[in-house]
Amino acid sequence: MSHKVRPGGLLLLVLAALVSPAVLAHGDEVHAEAASVVSAGNSPQRLADGRVLLPKEAQRRLGIRTLVAQATSQSRVIELNGHVVMDPNRGGQLQASSAGRIRAPASGLPSLGSRVSQGQLLAWLVPTVSAYEQAQQQAELAATRSQLTLAGQNLQRLQALANSVPRKDLQAAAAELAALRGRSAALAAVSQGEALRAPVAGVVAASNVLNGQVVEPRDVLFSIIDPAGLQIEALAYDPALVGSLRGASLHGVKLRYLGGALVLRDGALPLRFAPEQPMALALGQTVRVLAQTGEPLSGVALPVSSVVKNSANESVVWLHEQALVFRAVAVQPQALDGARVLVSQLPAGSRVVSDGASLLNQIR
């Protein structure tokens, strides 16, 4: 048997189907956070309270990694300005002792970065003299060589008459010959120039000479260093630091504290450090040393990658509050060793973002 639907009843059914479920729901059953989660879907989104909603798939794409914060006690760390210097026992400089002209040896002038051995001939320094002085030197050398020839002939005659001449005459002739030989060699060496030899074995770090260049006394011609013997010199303005430092680090590499001066130099006290492992350093390079003092500090140690800057230029770390929700917390980090920082604003046991914090911080 068929039933007929009245026109009025059909209109009521159509209106009921068009009514939104949100109109039928009660106001206290829809929460702001749930509405944001539903509306976000699978897209990262910054919530109204500043937190970030990040689905699991997006977390994997951004490489988000977290760690559990653990309370620890560390020594207070201060930053010191410094620069790379040469180990005085494993490097040296070659300077001109007098004015002269550079002349390359038979093997040529050493190039930058070339290894040299101790005592190796690097260059010749020929004295710069006038034409008159040069003529005098040559004349003196010629006269000395003539006297040397006569002295040699005289000694030979006396040796042939050894049985009839006094022994003291033979000894005097031999001594005169030796003196003339030494004088001739000295005059010849002066005309040839001064031999510039490497003071230590190492690498040529600086070369300030050209073939034929005229240099003045005390000019630095070559700097030779041992790359494994470079040190760090930092400046401290508190005399108490000289005896209270426990150690230091540079770019995550530990530095051995060698000691510090007790005499001010330009208003500061130089402190010396040596890397405990090879580092890529250049002589004169400016660095920032993280020095550890004896003052203890408590907090949570985090990697440097956990700390980012927010829109207000404040240092923050991101906490993983829920499975999909992250929250930023303002902190005041203190450097530990170049790879870690210490913060005291986080409770132990917090799950902190260690990798991907910078990408998470950009979500809007």
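Here are some worked exercises on a predicted model, covering a sheet, two pockets and a set of salt bridges.

**Exercise 1. Which strands form the open sheet, and in what order do they lie?**

*Solution.* Start with the members.
- Four strands take part, arranged as β9-β8-β6-β11.
- Their pairing is antiparallel.
- Now look at the ends: β9 (194-197) and β11 (214-215) are the edge strands, each paired on one side only.
- Finally, zoom in on one pair. β6 (residues 100-103) joins β11 in the antiparallel sense over two bridges.
- To find this pairing in the viewer, go to Arg101, which stands opposite Val214 in β11.

**Exercise 2. What lines the largest pocket, and which strands contribute at least two residues each?**

*Solution.* Begin with the space itself.
- The largest pocket holds about 230 Å³.
- Its lining has 14 residues, and those closest to the centre are Pro227, Ala228, Gly229, Leu230 and Pro275.
- Next, match the lining to the strands: β13 (230-236) and β16 (269-275) each give at least two residues.
- Last, sort the lining by class, which yields eight nonpolar, three polar and three charged residues.

**Exercise 3. Work through the second largest pocket in the same way.**

*Solution.* Again, take the volume and then the lining.
- The second largest pocket offers about 180 Å³ of space.
- Of its 14 lining residues, Gly247, Ala248, Ser249, Lys254 and Gln292 are the closest to the centre.
- Two or more lining residues come from each of β4 (71-86), β14 (247-250) and β15 (253-260).
- By class, this lining divides into four nonpolar, five polar and five charged residues.

**Exercise 4. Which parts does the salt bridge between Arg90 and Asp226 tie together?**

*Solution.* First check the contact, then place each partner.
- A salt bridge needs a side-chain nitrogen of Lys or Arg within 4 Å of a carboxyl oxygen of Asp or Glu.
- The side chains of Arg90 and Asp226 meet at 2.8 Å, N to O.
- Arg90 sits in the loop between β4 and β5 (91-95), while Asp226 sits in the loop between β12 (220-225) and β13, so this pair links parts 136 residues apart in sequence.
- As for its surroundings, Arg90 has a relative accessible area of 36% and is partly exposed.

**Exercise 5. Is Glu233 buried or exposed, and what do its salt bridges with Arg265 and Arg272 tie together?**

*Solution.* Take accessibility before the partners.
- The cut-off for buried is under 20% relative accessible area.
- Glu233 has 6% relative accessibility, so this residue counts as buried.
- Now the salt bridge with Arg265: the closest N and O atoms are 2.2 Å apart.
- Glu233 belongs to strand β13 and Arg265 to the loop between β15 and β16, so the contact connects parts 32 residues apart in sequence.
- Arg265 itself is partly exposed, at 41% relative accessibility.
- Turn to the salt bridge with Arg272, where the closest N and O atoms are 3.1 Å apart.
- Here strand β13, with Glu233, is tied to strand β16, with Arg272, so the parts joined are 39 residues apart in sequence.
- Arg272 is also partly exposed, with 25% relative accessibility.

**Exercise 6. Which residues do salt bridges that share partners join into one network, and how many salt bridges does the count come to?**

*Solution.* Follow the shared partners, then take the total.
- The network is made of Asp49, Arg51, Glu321 and Arg327.
- The count comes to nine salt bridges.

Technical notes: Residues numbered from 1 in each chain as written. Predicted model: local features only at pLDDT ≥ 70, side-chain atom pairs only at ≥ 80, totals over all residues. Heavy atoms only, no water. Pairing = 2+ DSSP bridges. 1 Å grid on protein atoms, 1.4 Å probe; cavity = no way out; pocket = protein on both sides within 12 Å on 5 of 7 lines; lining within 4 Å. Points joined across faces, edges and corners; volume = space filled by probe spheres on them. Nonpolar A, V, L, I, M, F, W, Y, C, P; charged D, E, K, R; others polar. Buried < 20%, exposed > 50% of the residue type's maximum accessible area, 1.4 Å probe, protein only.
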